[in-house]
Amino acid sequence: MQIRQIIDKINDNQIFVPTFQREYVWKRKDAKALFTSLIKRFPTGTLLTWETTKPPELKGPKKYSNEMGAVKLILDGQQRITTIYMILEGKLPPYYAKPEIKNDVFGIYINLKTRELEYYKKQAMEHNPLWVNLTDIFQDKIKRSNVRQSLKVRELLTDELEDLVDNNFEAVKSILDRNFPEQIIPVSASIKEAIDIFYIVNASGVNLTDAELALAQISGYWPEARELFKKKLFELENSGFVFKLDFIIFALLAVTHSMGSEMRRLHNAENLEAIKKAWERLDKQVLDYVVNILRSHAFVDHSDEINSVFALIPLIAYIYRKSNNQLTEIEIKKAVKWFYFSQIRQRYVSQAPQKLDKDLATIKGSSQPFDDLLGLIEQERSLTITEGEFEGRDTRHPLFSLMRWYFKSKGAICLTSGVSLRQNMGKKYLLEKDHIFPYATLKKNGYDINNRLKYAIAQEITNRVILAQAEKPLKSDQTGINYLESAQKKFPSALPKQCIPPDQTLWQINSFEKFLAARRAILSAELNKFLTNITKMETSKVEVNIADIIAEGEHDSLEFKSSMRWDNRQSRLNKKLEKTILKAIAAFNNGHGDGGILIIGVDDDRNILGLENDLSTLKGDDADAYELHLRNLVNSEYGVEYGASNIKIEFPKISDQMVCKVTISKGYSPLFLKDLDKDGRKIEKFFVRSGNTSSPIEKPSEISNYISNRFKRT
């Protein structure tokens, strides 16, 4: 079907989009890529359409009537068709309302000399007649004669350029004659069959999530579903909790099937009555109750403070299972405590659907589910917050959210205005985070981006306070000591509530790192006490298998290595890789955490590679030979005593593949790795754990300061 025919049929109400389709979500880069392909006559994919006399609910104001006969629905390709319509027509297609257009892609310009496509840039385009709005070309608001005349006036027109302009102008106009190959589902197909085909087409690509495909199926047998869900999301957004439609589908799957994966469970129309019943309770009772718990007991005032909303799904499922939708005081405290740890230990940072399966099964089957869920987290990560966890962590780290919640629990106020940090924020998140010691000052003192470790310290969350948004400008130009002295004078009780060290000698710029160290100590002590005092929980020893550990993904106490000595890229033995194993061991030993786990035989994307290639390079072909070689490496580099006391080696299996799990204890003495520099000279390197990587500290003075700070406490 030609593009001009598609446009005409949309305008004549002969082509529609069903309500089960998602909103328009393409971005400007997608629109540019599509029109680049159209102009260059590259392939642009096919359309999947359905001609039917019994359509599902349709998007837009036009309602189906029998007099219309068979109508054509776009099932796959509607993002492309919508983009083309908007650029060619300069308006929205009739099947979309403005709130459903998530991104503005209007206003693509083309350079009629180079065919380059770009969105408007004043400096490049304002006085250059070669840059023309595509929509203006299709709407005949600008003609090639206009462009030629503008170039002629500027004495830029040559015969060669005139030919280029004409050819490129024609290439743009010829888009109307482009054909989209069309696959047509026959009139005889049912709604269920049409959506199944829609699912198959989309499941083979990356266009839709499993939750979006499930929503399409639900909307097929319950046409009002999408609008009902969006109405609730709008209500929650107005109260400060912004969720996506996917979140609703996860909640429905959780309360109807106690699962976080297997979205196909929601595809069948037999779910209709169960989903309607579940939605009524979620809409009228459960979702609002969860938000109220977060506000009143967890001090969460906005969804921007939550690093993973998946943690709300087990809470929703638990409340839903209660006949009166109400929790006791102790149940609320346990749920909140688990929620906090799910955030700071990043329970759902990866493999969220699979983890929800496990957690929802616990919710369903346990008499004390939040105790057991907390026990599961404890098996994977320590529940105790250490001072070292703050080092180099910026405001994206979940500990910063916990700081916010703790400050609010203490009744903390903005240090410049005295306004409470507890606010009914609505759609907009109002709290701000600002440096105590201004970055401009720190930069002048060597804490700039050229020194990675110093820069990370300057941006550390311990150098941040929480301000009310309207007050942020009052702070920006003050030095650390002036700012804190002013705050203490105006609001004497405000500084302790944001864990500011009271020793004023630490407020000077020359004591910056001592200030951070003191605040780390205060924060770790206060946050641990805060979490402990919420309520006592009996965390059971839940067995965590190797698959669960790998599913966590790399973090500050977990690292993956593809191999010990086999180079997967070059398919050969490479003994230099052994140094990366020793580097990781040293980094975990030297870090501020409680040691860590190194898993060999797994790549960065959590793919299981196994040890077969490594074993082929050893004299033995079993776990004993592997452990012997690894221990010899450790003993040779760090000493037999260290290897015997601090290293535990195991060989679990996953997917019939053996991997090596090395558990490294927190060290009581620093480890240095002997290596060669670029000139081939032997040197000693000092590695520490930084986020999910092992990084070197290179300056001797920094190494000395780090060791003095880290190992004096052990």
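Which helix is Ser37 found in? I looked that up to get started, and Ser37 sits in helix α2, residues 28–39. Worth noting before going on: this is a predicted model.

**Ser37**

Next I checked whether Ser37 is buried or exposed. Ser37 has a relative accessible area of 17%, and buried means under 20%, so Ser37 counts as buried. I then listed what Ser37 touches, skipping residues up to four places away in sequence: Phe42, Pro43, Thr44 and Arg178.

**Overall numbers**

I pulled the totals for the protein. There are 29 helices and 20 strands. The C-alpha atoms fill a box of roughly 85 × 75 × 70 Å along the principal axes. The protein has 714 residues, and 53% of them count as buried. Of the contacts with a separation of 6 or more, 71% are between residues 24 or more positions apart.

**The sheet with β1**

I traced one open sheet of 4 strands, in the order β1-β3-β2-β7, with mixed pairing. Its edge strands are β1 (15–16) and β7 (182–185), each pairing on one side only. I looked at the β1 end: β1 and β3 (residues 71–76) run parallel and are joined by 2 bridges. Phe16 stands opposite Leu73 in β3.

**Strand β13**

How many residues of strand β13 are buried? I got 5 of the 5 in residues 596–600, so β13 is largely enclosed by the rest of the structure. I split the strand by direction: Gly596, Leu598 and Ile600 point one way, Ile597 and Ile599 the other, and all are buried.

Then I looked up partners for β13. Strand β10 (residues 558–561) pairs with β13 in the parallel sense over 4 bridges. Strand β17 (residues 660–664) runs antiparallel to β13, with 5 bridges between them. I used Ile597 as the marker residue here: Leu558 stands opposite Ile597, and Ile597 stands opposite Thr663 in β17.

**Nonpolar cores**

I went for the largest nonpolar core, which has 92 residues. The residues with the most contacts inside this core are Phe229, Ile249, Leu282, Ile316, Phe339, Tyr340 and Leu402. By element, α12 gives the most to this core, with 13 residues. A second, separate core has 46 residues, including Phe35, Ile39, Ile108 and Leu130.

I followed up on Tyr340. Apart from neighbours within four places in sequence, Tyr340 is in contact with His297, Ala298, Phe299, Leu402, Trp405, Phe530, Leu531 and Ile534.

**Cavities**

I ran through the empty space next. Rolling a probe the size of a water molecule over the atoms shows where such space is left. The search of the whole structure finds 2 cavities of 30 Å³ or more. The largest cavity holds about 50 Å³ of space.

Which residues line the largest cavity? I noted Leu236, Phe243, Phe247, Leu287, Val290, Val291, Leu294, Leu312 and Ile316. By type, the lining comes out as 9 nonpolar, no polar and no charged residues. Helices α12 (272–298) and α13 (312–321) each supply at least two lining residues, and α12 gives the most, with 4. Ile316 turns up here in the lining and also among the residues with the most contacts inside the largest core.

**Positive phi**

I scanned the backbone for odd torsions. Most residues other than glycine have a negative phi. Glu262 is not a glycine, yet has a positive phi of about 55°. I placed Glu262 in the loop between α11 (245–257) and α12. With a relative accessible area of 44%, Glu262 is partly exposed.

Ser571 also made the list, with a positive phi near 55°. Ser571 lies in the loop between β11 (566–567) and β12 (572–573).

**Ala625**

Last stop was Ala625, which lies in helix α27 (residues 623–638). Is Ala625 buried or exposed? Its relative accessible area is 17%, and the cut-off for buried is under 20%, so Ala625 counts as buried. Leaving aside neighbours within four places in sequence, I found Ala625 in contact with Leu618 and Gly620. I also took a distance to Met425, which is 200 residues away along the chain: the C-alpha atoms of Ala625 and Met425 are separated by 61 Å.

Conventions
Residues numbered from 1 in each chain as written. Predicted model: local features only at pLDDT ≥ 70, side-chain atom pairs only at ≥ 80, totals over all residues. Heavy atoms only, no water. Pairing = 2+ DSSP bridges. 1 Å grid on protein atoms, 1.4 Å probe; cavity = no way out; pocket = protein on both sides within 12 Å on 5 of 7 lines; lining within 4 Å. Points joined across faces, edges and corners; volume = space filled by probe spheres on them. Nonpolar A, V, L, I, M, F, W, Y, C, P; charged D, E, K, R; others polar. Core = buried A, V, L, I, M, F, W, Y, C linked by side-chain atoms within 4.5 Å. Buried < 20%, exposed > 50% of the residue type's maximum accessible area, 1.4 Å probe, protein only. Contact = heavy atoms within 4.5 Å.
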